[in-house]
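Subject: Structure handover

Hello,

Here is the structure I promised to pass on. Please open it beside this email, and then read my notes below.

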Amino acid sequence: MAQDYVVLDDQNTNGMIAVNKSVFKAIAEISIDEIEDAIQIPNSRFTKPLAIRIEDNRLNVEADVRLKYGANVEQTCELVQNRIYENILFMTGFKANKVTVNVSGFEN
């Protein structure tokens, strides 16, 4: 069964420390915006371009992006993937299990 949070520290004397998946989504959105050649696809009723899944306290991120025309696809996707992973690790101290980047089109 999927969870809505990741447990960071359950041995704390004051209680459990956990991070909601909406925090990971916000970090991933910020990470995509930092990359010059990547364009974030806006949420709509029919599209969810950013999927955060937490199963067995393991975080999987899947991001659909558009790229600027003429950008190196492999290099830009690797940059987006690394930026999401590093920002999540830096901001929460949690290592993502898998970060997947899908290109859904190109823009000028």
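Start at V103. Its relative accessibility is 33%, so V103 counts as partly exposed. The cut-offs matter here: buried means under 20% and exposed means over 50%, with partly exposed in between. Please keep in mind that this is a predicted model.

V103 sits in strand β6, which covers residues 98-107. Leaving out residues up to four places away in sequence, V103 touches V65, L67, V73 and C77. I54 is another matter. It is 49 residues from V103 in sequence, and the two C-alpha atoms are 23 Å apart in space.

**The surface patch**

V103 also belongs to a nonpolar surface patch. Its partners there are Y69, V73 and F106. The patch has an area of about 410 Å². V73 therefore turns up twice: it is in the patch, and it is touched by V103.

Y69 lies in a loop. That loop runs between β5 (58-68) and α2 (73-92). Y69 counts as exposed because its relative accessibility is 67%.

**The overall layout**

Now the whole chain. The protein has 2 helices and 6 strands. From the N terminus on, the order is β-β-α-β-β-β-α-β. Taken along the principal axes, the C-alpha atoms fill a box of roughly 55 × 30 × 20 Å.

There are 108 residues, and 33% of them count as buried. The accessible surface comes to about 7,000 Å². Carbon and sulfur atoms account for 46% of that surface.

Contacts reach along the sequence. Take those between residues at least 6 apart: 61% of them join residues at least 24 apart.

On charge, the protein has 11 positive and 16 negative charges. The mean positions of the two sets are 6 Å apart.

**A buried loop residue**

Is I35 buried or exposed? I35 counts as buried, because its relative accessibility is 4%. The cut-off for buried is under 20%. Yet I35 lies in a loop, the one between α1 (21-34) and β3 (38-40).

What does I35 touch? Its contacts are T76, L79, V80 and R83, again not counting residues up to four places away in sequence. I17 is 18 residues from I35 along the chain, and their C-alpha atoms are separated by 31 Å.

**Two positive phi angles**

Last, look at the loop between β4 (50-55) and β5, where D56 has its place. N57 is found in the loop between β4 and β5 too.

D56 is not a glycine, but its phi is positive, at about 55 degrees. N57 also has a positive phi, near 60 degrees, and is likewise a residue other than glycine.

How do they sit at the surface? D56 counts as exposed because its relative accessibility is 68%. N57 has a relative accessible area of 28%, so N57 is partly exposed.

**Where to look**

For a quick tour, visit these places:

- The nonpolar patch made by Y69, V73, V103 and F106.
- I35, with its contacts to T76, L79, V80 and R83.
- D56, with a positive phi of about 55 degrees.
- N57, with a positive phi near 60 degrees.

Best wishes

Methods. Residues numbered from 1 in each chain as written. Predicted model: local features only at pLDDT ≥ 70, side-chain atom pairs only at ≥ 80, totals over all residues. Heavy atoms only, no water. Patch = residues over 30% accessible without salt bridge, like charges linked within 9 Å, V, L, I, M, F, W, Y side chains within 5 Å. Areas by Shrake-Rupley, 256 points an atom, 1.4 Å probe, with all protein chains shown as cover. Salt bridge = Lys/Arg side-chain N within 4 Å of Asp/Glu carboxyl O. Helix = DSSP H or I, 4+ residues; strand = E, 2+ residues; numbered from the N terminus. Buried < 20%, exposed > 50% of the residue type's maximum accessible area, 1.4 Å probe, protein only. Contact = heavy atoms within 4.5 Å. Lys, Arg positive; Asp, Glu negative; His and termini not counted. Charge placed at Lys NZ, Arg CZ, Asp CG, Glu CD.
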